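Good morning, and thank you for coming. Please look at the sequence and the structure as they appear on the screen.

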Amino acid sequence: TKDAWSPRAVSFVTFKSVNDPPVLDLNGAAEGLDISVFFVEGSGNVSIVDPGVSILDVDSDYMSGAIICLWPLPDGSNERLTATSVGRIQVTGGTPCLELNGVANKSEYRHVLETVEYVNNLDEPSSSTRWVSFNITDDGGASSDLVQATIRIELRNDHYPIFDQTRYTDVISETAVLPVGVLTVHATDADLGFNTSISYRIL
């Protein structure tokens, strides 16, 4: 007997593309995606993105926006984020969030991200750690996972102690029984944290 074969059947497979989200890397060639920076009191603004920041997206060459938010804000309106608009990308806001808007290629968005800075105008800022979250969206509407910059505040010992009085006097009776207290002096220091510690010595 001969084998019997069924009629040929044809099946079709349709592949549906999915818009993969972008990946934002704040620290350039270093390991991981997050970054950590120091803000030194009195030393001006600090950049919070590595110059090698990268945006990876396997199926989109263009981004449409980003949101960058600072928290907490112990110094209120004295601290904020700044960035510079570049080309088709407009920057708005600053406390607590910056918004980047405009369809532009990844290179243009990298240029804007490189300009993001933390600003604090106080002479004695709070030493609390701050965090900045970054989220970027491609032109297809897919958003990246949040990445984070950690800002550690370094206070400077830039104030000298000031005595409450410019001159202290006291009177000791010749019949006083020794030892006897003479003077109590007091000084204050406008610095914060461990820089407020004052020691005294007699010259």
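**A three-stranded sheet and helix H1**

In strand S9, Val119 is the bridge partner of Arg80. Before going on, I should state that this is a predicted model, in which local features need pLDDT of at least 70 and side-chain atom pairs count only at pLDDT 80 or more, while totals for chains, interfaces and linings use all residues. Residues are numbered from 1 along each chain as its sequence is written, and side-chain values use heavy atoms, with hydrogens and water left out.

Strands here are DSSP runs of E with at least two residues, and helices are runs of H or I with at least four, numbered from the N terminus. S9 covers residues 117-120 and runs antiparallel to S6, joined to it by 4 bridges; two strands pair if DSSP finds at least two bridges between them. The open sheet has 3 strands in the order S3-S9-S6. Its edge strands, S3 (46-47) and S6 (79-82), each pair on one side only.

Is Glu79, in strand S6, buried or exposed? Glu79 counts as buried, because its relative accessibility is 0%; buried means under 20% relative accessible area and exposed over 50%, with partly exposed in between (1.4 Å probe, protein chains only). Among the residues in contact with Glu79 beyond four places in sequence are Pro72, Thr95 and Arg130, where contact means heavy atoms within 4.5 Å.

Let us turn to the helix. In H1 (residues 106-113), Lys106, Glu108, Tyr109, Val112 and Leu113 are buried. The buried residues of H1 fall within an arc of 160° seen down the axis, so they line one face of the helix; the arc is that of the directions from the helix axis to the C-beta atoms.
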